[in-house]
Amino acid sequence: LDESLAKMKAYMAAVTEREYGDRVGIWRILDLFDRHQLKVTFLMNGLKVEQFPDICREARDRGHEFSSESYEHEYSYMYTRDEERESIQKTIAAFEKVLGQKPTGYLSPGHASTPHTPELIAEAGCFTWWADPLNSDVPYTIEVKGKKIAVVPYNVPGCNDYSTYGTGRTPRDLLQIMKDQFDYLYWEGEQGSPKYFAFNLHPFITGVPYRAKIVDEFIKYAKGHPDVWFAKRIEIAEWTLKKGF
């Protein structure tokens with residue numbers, strides 16, 4: 001019994017830690033974006049959209065983009081093709097019900113896509129972009145079942161806030177990594193080869209004040225450079241498709 005209670009307490013600690021993101025962190029992040037006049041891309045699974053409709057509608061009304069993962073943040077490789085399709089369709093339905101719109105892009109949880117994923121998102125008809133591939137510093141276009149989709153890579157490993165969660169890397173370490181990543185890509189852009197850089201946030205992580213401060217500092221740093229485009233993924237995808245890259 002004691003062992004079971006200990007496990008339950010450990011589990012509830014993890015639950016309430018993540019609830020921090022829903023109760024506190026998301027609002028801190030939204031306010032941060034408002035201060036910097038940034039519109040960003042939200043990645044939500046269908047179940048979360050249903051569980052937190054007011055937060056999602058508020059973010060939508062502030063001008064942010066809504067894109068999707070699978071329905072319950074489950075890994076796609078655990079599914080059959082039909083189960084993966086069902087998860088995607090359930091997510092689309094949840095977005096339509098809560099937000100009155102379909103998701104604009106798709107990311108498999110953990111980048112754990114299957115050989116079926118590109119065809120399934122093309123079949124769904126609403127996805128302009130896909131973020132699973134990590135094989136480029138610039139967005140590019142693929143054609144699946146006669147439909148063109150922009151690949152807008154999620155991120156490079158280690159260059160997101162999750163790398164500061166329980167791994168020994170501090171937010172200050174991450175800030176330096178982000179600056180170094182930005183600086184080198186910016187230099188390549190100055191040589192005539194513009195690049196793309198994404199950083200990805202989780203409300204229960206970056207919503208904590210000492211991590212939010214790091215993001216605030218990085219945004220100010222990047223804004224201190226001319227000719228930097230702060231864009232939503234849908235804007236990048238539409239530009240990529242228009243240019244035919």
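Let me start with Val215, which counts as buried because its relative accessibility is 4%, where buried means under 20% relative accessible area, exposed means over 50% and partly exposed lies in between, with a 1.4 Å probe and protein chains only. Please keep in mind that this is a predicted model, in which local features need pLDDT of at least 70 and side-chain atom pairs count only at pLDDT 80 or more, while totals for chains, interfaces and linings use all residues. Residues are numbered from 1 along each chain as its sequence is written, and side-chain values use heavy atoms, with hydrogens and water left out.

Val215 sits in helix α8, residues 209–223, helices being DSSP runs of H or I with at least four residues and strands runs of E with at least two, numbered from the N terminus. Setting aside neighbours within four places in sequence, Val215 is in contact with Leu32, Phe199, Leu201 and Thr206, contact meaning heavy atoms within 4.5 Å.

Turning to the interior, the largest nonpolar core has 19 residues, and Phe42, Phe66 and Phe95 are among those with the most contacts inside it; such a core is a set of buried Ala, Val, Leu, Ile, Met, Phe, Trp, Tyr and Cys residues joined through side-chain atoms within 4.5 Å. At least two residues of this core come from each of α1 (2–35), β1 (41–44), α3 (53–61), α4 and α8, and α1 gives the most, with five residues. Another core, of 13 residues including Ile88 and Trp130, lies apart from it.

Finally, Met78, in the loop between β2 (65–68) and α4 (81–99), is exposed, because its relative accessible area is 59%.
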